[in-house]
Amino acid sequence: MILKCRSCGSQKIKGVLSLGFTPLANALLSKDKIDQPEEKFPLDLVFCEDCTLVQIVETVPPEKLFKQYFYTSSISSTVLENAKEITHRLIDRLKLDESSTVLEIGCNDGYLLKNYVGKVGKIIGIDPSENVSQMARETLGPGNGKIITGFFNADRARELSQFGVSADVIHANNVLAHVADLHGVVEGIKTLLKPDGVAVIETHYVRDLVEQTQFDCVYHEHLCYYSAHSLAKLFELHGMEMVDVQHLPIHGGSLRAYFQRQDGPMSMAEEGKHRLEDIFEQESLFGFTWSSVYDDLMEQVMHLKSELWRTLNRIVKDGGSIAIYGASAKSTTLLNFFGLDAEYIDFVVDDTPGKQGFLTPGTHIPIFNPSALKDLKPDYCLILTWNFAKEIMEKNQWFKKQGGKWIVPIPKLEVI
Ligand code: JHZ
């Protein structure tokens, strides 16, 4: 449990949301473990009044969370498209070629790095999870890059640097929210970045979390929830400057921030100047540098809870059946905090083969292949991977044709 800010070390941290005790978001249960007690951890969000970083107080040991990992990025065509877009953009903008080196921290199953194969000289991926880093090796193919299984930190970066690694581009997509050794990772990025290299950081945007009541993105894997202000301050502590930024729709709203070393030429700074001014101004204007912007969050969550319960109760009262799409990490927070379990929900479907056959953490709902929607024909399907609702509804258009209705809870409860 932290007593001071994970980024700036200030003790001025103020509670903004409390979601009680929940199981780990990806701790899916096998059927034979159903009677065994599940570990639960407090889920409390705080705001740092000095650097504005929003964070949870509990730190679950990373080995427990990431050694074996169920989430594979390639499952979503939206994620694949996003990865393709940024890699192509960087190849063009930075004129990457045979002499260039690209490193990705948290490379998952190789969904992003594969876009660099044949385009740059050296590709390095690092990921703590044994199963998904093996997938990355297979995705890249023999001789097309080096995948390291392990955690990235300052020591690892020094080791790589001694082996001559110096990167033109470092990617870290949805990594900075997850790391307990925050300063080790940011320092490691600086160590490995060429003087005019660029680190591209994607992370869920705390402004969208608040404005769209995306409270279910709060779970133990996510230690930190960034604004442009808090992210820029963290990197400044390590001599790096935010030189450009984009606000992307992916994952319900993400920041894509570009960093360069302050002791280098900062060649991207001029181009990104106006976008940076704009995002900082907007955050200040809408109160994201003050804790009061989080004052209504709990009330918004409780409002969503009562709206969803009202909708589901009506369905059950009318004899309807309900399934869920997406055994996502965020579904664990929503189901546990809202108290929705196997009594109301018949089953969950998920396209990830490794999740099928398990039960959801804490709520014990069975997870099936999406074909169960055809076989068991539930009347309603609640999409708890709401950030990909469009993609899911498009690829399963037959569900509506067979008479089913979708429920999308966030950003606004809708029955479609
Ligand atoms: P999704 C993950 O969170 C995990 P999750 C992680 N902690 C993180 O930071 C964010 O992503 C960014 C299923 N699915 O993306 C697959 C389908 O079945 O909301 C996954 O089980 N069919 C790293 O888990 C789950 O949804 C589909 O067509 O909350 C992923 O859910 C799609 C698109 C997804 O992330």
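This report walks through the ligand site, one helix pair and two backbone details of a predicted model.

## About the model

Local features here need pLDDT of at least 70 and side-chain atom pairs count only at pLDDT 80 or more, while totals for chains, interfaces and linings use all residues. Residues are numbered from 1 along each chain as its sequence is written, and side-chain values use heavy atoms, with hydrogens and water left out.

## The ligand and its shell

Let's start with the ligand, which has 25 residues around it (a residue counts if one of its heavy atoms lies within 4 Å). Lys330, Asp350, Asp351, Lys355 and Lys395 come nearest. By type, the shell divides into nine nonpolar, nine polar and seven charged residues; here Ala, Val, Leu, Ile, Met, Phe, Trp, Tyr, Cys and Pro are nonpolar, Asp, Glu, Lys and Arg are charged, and the others, Gly among them, are polar.

Helices α10 (329-338) and α12 (389-395) each supply at least two shell residues, and α12 gives the largest share, three residues. Helices are DSSP runs of H or I with at least four residues, strands are E runs of at least two, and both are numbered from the N terminus.

## Atoms at close range

An oxygen atom of the ligand is 2.5 Å from a side-chain N or O atom of Lys330. Nitrogen atoms of the ligand also have such partners: the distance is 2.6 Å for the side chain of Asp351 and 2.8 Å for that of Glu221. The protein covers 97% of the 710 Å² of accessible area that the ligand has on its own (Shrake-Rupley method, 1.4 Å probe).

## A helix pair

How do α4 (residues 154-162) and α5 (residues 182-192) pack? Their angle is about 15 degrees and their axes are 7 Å apart, with axes fitted to C-alpha atoms over the stretch in contact and angles running from 0 to 180 degrees between N-to-C directions. That makes α4 roughly parallel to α5, a label for angles under 35 degrees.

## Two backbone details

Most residues other than glycine have a negative phi, and most peptide bonds are trans. Asn108, not a glycine, has a positive phi of about 45 degrees; Asn108 sits in the loop between β4 (101-105) and β5 (122-127).

A cis peptide bond joins Ile410 and Pro411, with omega about 10 degrees. Pro411 belongs to the loop between β16 (405-408) and β17 (414-415).

Key:
A polar contact is a pair of N or O atoms within 3.5 Å; within protein, one must be able to donate a hydrogen and the other to accept it, and residues adjacent in sequence count only if both atoms are side-chain atoms. Angles under 35 degrees count as roughly parallel, over 145 as roughly antiparallel, 65 to 115 as roughly perpendicular and the rest as oblique.
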